[in-house]
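Colleague: Before we talk, could you put the model on the screen? I would like to ask how each description of it is justified.

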Amino acid sequence: MTRLLEISDLRIFFESGFGKVDAVRGVSLSMDMGDAIAVVGASGSGKTVLGRSMLGLVDAPGVVQGSIRFDGTEIVGRSEKDLRGIRGLGIGMVFQDALDGLNPVYSIGSQLSEIFTVRLGLSRSQAKSQAISLMEQVGIRRADERYNDYPHQFSGGMRQRICIAMAIGLKPKILIADEPTTALDVTVQAGILRLIKSLQSETGMGLIFVTHDLAVARMISTRIVVMYAGQIVEQGLTEEIFLRPKHPYTRALLAAHPARARSWRDLEPIPDAFVTDSSSGEGTSHSSPQMVVTS
Amino acid sequence: MNDHKAEFKSPLLEVQGLRKTFGGRGGKPGPIVAVDDISFSLNPGECLAVVGESGSGKSTLARTLLRLLDADSGSVLYEGRDLLSLPRAEMQRQRRYLQMVFQDPYASLHPRRTVAQLISEPWEIHPGVVEKSGRPARIDALLAEVNLPKHFSSYYPNQMSGGQRQRVAIARALALEPKILILDEPVSALDVSVQAQVIKVLMTLQERRDLAYIFISHDLPLVRLVAHKVAVMNRGRFVEAGPTDTVFDNPSDEYTRTLLASSPAIAEDA
Amino acid sequence: MFVSSPLAVASATWLLFVLVLAFVVAPLVVDVANHQTIGLRFFAPFQFDKGFAFFLGADSLGRPIMLQLIVGARTSVLIAIFSVGISATIGYAIGLISGYFGGWVDNILLRIADIIHTVPSLLMALVVLFVLQPSILNLVIVLGITRIPVYLRTSRTQTMEVRERMFVEVAKAIGASDWRIITRDIAPLVFPTIRTLAMLEVAAVILSAASLTFLGIGLQRPDVDWGMMVSDGRAYLKSAWFVAVFPGIVIVLTALSANILSNWLRAVEDPAQSTLFFRARKKKRSSSQ
């Protein structure tokens with residue numbers, strides 16, 4: 001039986017004038033339609049690179065080895081032309097910064113319609129009506145009136161909704177969301193998370209949600225994958241991870257989360273040795289985690 | 001909760017009717033009201049949290065308190081003297097007692113300076129606080145207070161992680177022995193897993209030095225851990241203010257309730 | 001790191017070579033360079049018959065091109081360095097002040113720059129030099145002043161951008177004076193751009209000087225620069241191509257080297273740029289593409 005997505009022993013590293021940097025060190029993961037997986041890790045854990053590699057978005061000087069099979073077809077090593085066929089139609093992606101994803105000089109209506117005219121060959125009027133119903137689907141009110149507005153005329157949360165619309169417009173089987181709410185206010189974040197959840201249950205698509213915040217992961221996922229230093233240290237059902245975390249790093253993450261503590265004295269900072277911020281000179285990952293735990 | 005005992009002494013800071021607008025011309029108030037008639041007081045050792053989302057005016061409030069922006073009206077009494085009406089030179093001198101830690105650890109440190117240079121810069125601007133000969137020792141001491149090892153003093157910002165940079169920013173803010181720290185979203189730009197580090201440092205410092213904090217944040221679960229008092233800010237006004245537990249357990253304002261309901265909560269398991 | 005970029009090495013070598021020629025060799029060969037031998041008019045290049053000096057041929061008055069190039073190097077380099085130095089320094093400084101303070105200071109300075117900018121610099125140079133005596137000094141002054149606006153604008157814009165950055169706000173919060181912020185915080189960050197611009201401008205100045213000397217103003221023989229050589233040779237392109245082409249090649253090589261070197265400097269200072277620079281050869285994508 002072909003899984004929707006099957007990643008086997010994925011390894012990604014970057015060669016620069018300063019040496020070799022391992023971003024992903026042997027990750028294996030699989031999912032089916034309807035799964036909602038949260039990839040949780042700190043900056044430098046490799047979670048973003050992992051997400052991007054699923055769409056073949058890791059450019060030189062990065063090197064990708066191993067296997068990523070989407071619906072049976074191998075993604076690693078595919079030509080740009082083939083990958084373009086998968087992007088949007090098979091797998092859609094939403095990025096952290098909504099401003100990056102939208103071209104400021106075109107109206108959002110035209111950007112959304114472009115998806116339909118270019119990828120599906122629809123006529124302009126068909127594309128327009130599809131675009132408007134897509135905008136409604138992601139919760140933009142008075143979509144027909146706002147069709148001609150420009151990105152800067154929308155708030156941050158609205159722009160992110162539009163980016164989500166662009167990612168799901170072609171009805172992909174998987175949606176990858178890379179920290180889509182990190183830059184947003186708390187109330188706006190709640191709305192976006194609700195939107196993603198409802199879209200997922202409506203369409204049954206698979207969801208991979210990359211985040212550094214366990215609390216957010218809990219709201220959105222059925223399974224959690226914890227990443228540390230390029231490897232998966234624990235994965236399992238969401239509630240299992242919260243009730244019975246097995247790996248020391250997972251436990252450390254929980255102990256350090258402000259929402260878990262009663263007083264600031266309860267907070268247990270993750271020791272510097274564990275911090276994997278890729279920009280740090282001190283405290284880059286030293287030891288590999290002792291065991292990999294799956295439940 | 002913050003169980004550090006903040007005894008009642010006379011308020012360190014008393015803000016009355018602070019108002020700041022934008023879009024005005026020639027000194028007249030403009031149409032955009034960012035800070036609308038804000039009043040509060042702050043005692044030594046106390047942590048006041050100002051909670052709001054973007055656009056609430058909280059950052060403008062911080063800058064107006066420090067006279068980085070000129071207020072339209074109101075007063076900011078520090079130890080009885082109104083900072084807003086002091087002559088510039090005198091204000092420069094008072095600045096050492098009210099320091100600020102900014103949100104973005106990647107932007108608030110000058111990229112071409114070492115940690116030692118960053119921390120000693122306040123001493124160059126305010127000569128007389130620490131003699132040149134004593135500076136290296138003070139730098140080591142400050143780094144120790146923020147849990148950073150001594151050898152960090154020769155590092156450049158790009159060699160450090162976000163959490164480390166933010167701790168350097170805190171060390172720098174302490175260089176002039178301030179009495180009040182204004183913390184503008186001090187951990188929002190950091191991964192959740194790193195926030196604990198910085199929060200612990202901040203709270204330990206508060207206890208040890210009896211500092212007063214104005215802690216600006218949009219993160220409610222975090223605020224609950226660190227604040228004695230909370231003021232919820234929306235569109236320039238404090239829509240609700242009071243002791244932390246009261247505001248959290250019995251919010252009276254609609255906006256406060258919405259904020260509370262939106263925070264992802266992962267407390268209370270099994 | 002220097003070694004891993006052969007382009008930078010080559011460029012630096014060429015520039016060093018030019019400088020050595022300009023300041024060490026030129027004074028020694030000046031007389032021979034300017035000696036006219038009508039009989040050797042348009043002597044063809046690539047022969048050693050008349051000695052090493054004539055290896056690149058001779059011009060319309062029989063002067064050896066190779067030596068002319070060397071003497072011209074000194075003139076061109078001097079003009080370029082000094083006029084770029086003047087305009088960059090003045091433009092940099094004024095831009096910092098203008099960009100930092102804004103308000104009426106900015107307005108006035110900007111208007112002055114606009115006035116300089118509006119009158120075509122070449123026209124202005126023409127007029128001024130027509131009145132003044134042609135000499136290297138006057139050429140340098142005129143080129144220096146007319147080219148200030150581009151540095152001023154660049155410096156001003158960058159200053160305005162850096163001014164908004166958080167560490168500037170931090171410095172103010174600590175109580176730093178404006179002067180301190182400008183000189184210690186902002187200026188060093190604006191400098192690399194000005195330096196890059198200056199190195200790129202070197203080529204433009206050489207060409208501007210050439211245009212002026214082509215029109216017969218600015219320099220007079222026996223002062224000679226590469227631009228003058230090119231314009232001298234223009235009329236003979238069909239019959240004696242080498243008179244114009246050799247100085248042309250030299251101009252291109254020098255300008256190119258200045259560009260490459262300034263890019264290298266940028267790459268070395270800014271880690272984010274360096275991977276682009278050092279791996280410029282390897283355009284191949286990762287194995288996943």
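**How the descriptions are justified**

Modeller: Let me begin with chain B of this predicted model, where, among contacts between residues at least 6 apart in sequence, 68% join residues at least 24 apart. In chain A the corresponding share is 64%.

Colleague: What makes chain B agree with a compact globule?

Modeller: The rule is 2.2 Å times the number of residues to the power 0.38, and for 270 residues a compact globule would have a radius of gyration near 18 Å, so the 19 Å of chain B agrees with it. Along its principal axes the C-alpha trace of chain B spans about 60 × 55 × 35 Å, and the chain holds nine helices and 10 strands.

Colleague: Why is chain A called as compact as a globular protein of that length?

Modeller: Chain A contains 11 helices and 11 strands. Its radius of gyration is 20 Å and the globule rule gives 19 Å for 295 residues, which is close, so chain A counts as compact for that length. The C-alpha atoms of chain A fill a box of roughly 60 × 45 × 40 Å along the principal axes.

Colleague: How do you know that H5(B) is largely enclosed by the rest of the structure?

Modeller: A residue is buried if 20 or more other C-beta atoms lie within 10 Å of its own, and 13 of the 13 residues of H5(B) meet that condition, so the helix is largely enclosed. For chain B as a whole, buried residues make up 49% of the 270 residues, and for chain A they make up 48% of the 295 residues.

Colleague: What span does H5(B) have, and what is expected for it?

Modeller: This helix, residues 162–174 of chain B, reaches 19 Å from its first C-alpha to its last, close to the 18 Å expected at 1.5 Å a residue. In H8(C), by contrast, a straight helix of 37 residues would span 54 Å, whereas the end C-alpha atoms are only 47 Å apart.

Colleague: Where is the kink in H8(C)?

Modeller: It lies at C:Ala187, shortly before the proline C:Pro188, and has an angle of about 50°. The angle is taken between axes fitted to the seven residues ending there and the seven starting there. After H8(C) comes C:Gly216, whose phi is positive, near 90°.

Colleague: How do you know which residues of chain C belong to its side facing chain B?

Modeller: Two residues are in contact if their C-beta atoms lie within 7 Å, and by that test 12 residues of chain C are in contact with 17 residues of chain B. The largest share of that side of chain C, seven residues, comes from H7(C). By class, the side has seven nonpolar, one polar and four charged residues.

Colleague: How many residues does the contact of chain A with chain B take from each chain?

Modeller: The contact takes 34 residues from chain A and 38 residues from chain B. On the chain A side, H9(A) gives the most, with five residues, and the residues of that side divide into 19 nonpolar, nine polar and six charged.

Colleague: What is the predictor's confidence in chain C?

Modeller: Chain C averages a pLDDT of 81, with 91% of the residues scoring at least 70, but over residues 273–289 of chain C the pLDDT is below 50. Where pLDDT is low, the predicted coordinates should not be read in detail. For chain B the mean pLDDT is 88, and the complex is given an ipTM of 0.75 and a pTM of 0.76.

Definitions and conventions:
Residues are numbered from 1 along each chain as its sequence is written. Chains are lettered from A and ligands numbered from 1 in the order in which they are written. This is a predicted model: local features need pLDDT of at least 70, side-chain atom pairs count only at pLDDT 80 or more; totals for chains, interfaces and linings use all residues. pLDDT is the predictor's confidence in each residue, from 0 to 100. Helices (H or I, at least four residues) and strands (E, at least two) are DSSP runs, numbered from the N terminus. Ala, Val, Leu, Ile, Met, Phe, Trp, Tyr, Cys and Pro count as nonpolar, Asp, Glu, Lys and Arg as charged, and the others, Gly among them, as polar. A residue is buried if 20 or more other C-beta atoms lie within 10 Å of its own, exposed if 12 or fewer, and partly exposed in between; C-beta atoms are placed from the backbone. The expected span of a helix is 1.5 Å times one less than its number of residues.
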